[in-house]
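Colleague: I keep hearing about pockets and cavities, and I'd like to see how those words get used on a real example. Can you walk me through one?

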Amino acid sequence: MKTLLQDLRYGLRMLLKNPGFTAVAVVALALGIGANSAIFSVVNSLLLRPLPFEQPDRLVQVWEANAQRGQREVPASFPNFADWRDQNHVFEQTVAYSEWSFNLTGAAEPERIHGAVVSPTFFSTLGIKPIMGRTLLPDEDQPGKDLSAVISQSLWRRRFNSDPDVVGKTVDLSGKSFTVVGVIAQVADLPGLSDDTELWAPVSHGFGFTNRRGHYLNVIARLKPGVGEAQAQADMNQIAAALSRQYPEANADRGVRIVPLQEQVVGDVRPALLVLLGAVVFVLLIASTNVANMLLARAASRQKEIAIRTALGASRWRLVRQLLTESLLLSLFGGTIGLLLALWGTDLLVTLGPSDLPRVKEVAMDGRVFAFTFAVSLLTGLVFGLVPALQSSRPELNETLKEGGRSATGGASRRRVRSLLVVTEIALSLVLLIGAGLLLKSFFRLRAVNPGFDPQNVLTMQLDLNGLPRPAPRPGQNSARRRGGRHRVGCARRARRELLASELRRRRADARPGQPTRSLLQRRQPRLLPDDADSRVAWPRLRRA
């Protein structure tokens, strides 16, 4: 310990004696280590940190799939979900959920609430405990039961002013009375469910309980202990095959695909993050090679000092340890500054990253990132300091101690090592630049892909009409609607014939002499109205005819 303290004090004095060299080396290492720490903080939050659920490694996402149509992840219909839940032998629990919007009205201003309809066992499957009250009960999923709802902590604070007696109160949601039964923390990291979801109601509030063609439910299951993904997939394939035979109209060619929940949440982000992490590792290697070359150049001016210490009895291991101590001090200084840069760089990455990046709100520096930075700093110090230390610890005493003398063999060996380091640095830089160039080329090619339409000045919007009350029909209104529907269909057919006749007349006028009009129409006639189109949708204004 005493000699280690001596090495540390001597190393600090030598670094302070050459402030220019020290500053350049520390800045180069700080940039490399800081970039690695910033990218690792994102990788840690997205790929390495487990999901905030109970035993997340046993949670899987269950999708419908249709190989004939190339569909790999299709939401489930309620009847299919119910059959999966009742017939499987590999899942401990199976739950369904879907995004839903509610109009919250009452004493305060009306508000549009982003919510979800869920199975009653949704919270117990994920291991989510209520802050107040309870979660949904199994019998609350049955149609006709009293409607219950669980609200988030943010909604409880914002809308109900953190009322401790909120449990048991009745709220009006889209014209229906719901009883608040519990308050939970925010639920995040679920595919198909926004992180700002603030209310959860039983799935019985949804629709399509007998319609196998209504695919809108996301399904999550918890594997039984000892059951693997392959075994679960095989069991669900058998159920899907049985349902396909039993309901060929709705389930023909439909299978089941099981994906671990962690993989489902991360999605396609994993390859991009690993490529980015590999790029910053190359940056650190370039910085380390550069600093190693600088240490070799600096060692030339210390040959006499090292020769004197060797003549006084210092062993080679003692000299190597002293030189490695100086290298480790440089790397630790660079790591400290790099950690500060990583704190800023992490916020920059989150700001500049895509808005739909999964788990982006969880990206932060934690103990694992600090440990990674410390380990990278030590490893970097050993990597770039070992070769210069070994080279410098073998001086030629006779030639070095002479005034102005220098060993030709030692100088040639050192020059070869420095040349090798320069070649390595250039090679790493070329690999990094070529990779970056290929990525940019691919990016610009993707931007130049023709989408098939002109996207300039085109806007999109969504209208959510669920939950709007429908007035009860008046006596005789249904028969009038049927008569009106037949009238609209007749009008649509007459309008279609008129359009086709008008198109035929126009193309006859435009046809070249001698060209049969029939062949012209066969070749160029557009499909004005699909055979399976709903006339009320395709021709909405014919009601006024």
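Modeller: Sure! This is a predicted model. Let's start with the second largest cavity: α3 (78-87), α6 (229-246) and β12 (255-260) each give at least two residues to its lining.

Colleague: What makes E64 and W84 lining residues of the second largest cavity?

Modeller: A lining residue needs an atom within 4 Å of a grid point of the space, so that is what puts a residue on the list. Among those that line this cavity are E64, N80, W84 and R254. The space itself comes to about 60 Å³.

Colleague: How is its lining divided by class?

Modeller: You get 4 nonpolar, 3 polar and 2 charged residues. G255 is in the lining, and Gly counts as polar.

Colleague: And what is the volume of the largest cavity?

Modeller: About 110 Å³. Its lining has 12 residues, with L295, A299, R302, L323 and P388 nearest the centre. α12 (367-392) is one of the elements giving two or more of them, and α12 gives the most, with 4.

Colleague: Why is the other space, the one of about 650 Å³, called a pocket?

Modeller: Because a pocket is an open set of points, while in a cavity the probe fits but cannot get out. The space of about 650 Å³ is the largest pocket, so it belongs with the open kind.

Colleague: Which helix gives the most to that pocket's lining?

Modeller: α9, with 9 residues. By class, the pocket's lining has 20 nonpolar, 3 polar and 2 charged residues.

Definitions and conventions:
Residues are numbered from 1 along each chain as its sequence is written. This is a predicted model: local features need pLDDT of at least 70, side-chain atom pairs count only at pLDDT 80 or more; totals for chains, interfaces and linings use all residues. Side-chain values use heavy atoms; hydrogens and water are left out. On a 1 Å grid over the protein atoms alone, a cavity is a set of points where a 1.4 Å probe fits but cannot get out, and a pocket is an open set with protein on both sides within 12 Å along at least five of seven lines; lining residues have an atom within 4 Å of a point. Grid points are joined across faces, edges and corners, and a volume is the space filled by probe spheres set on the points.
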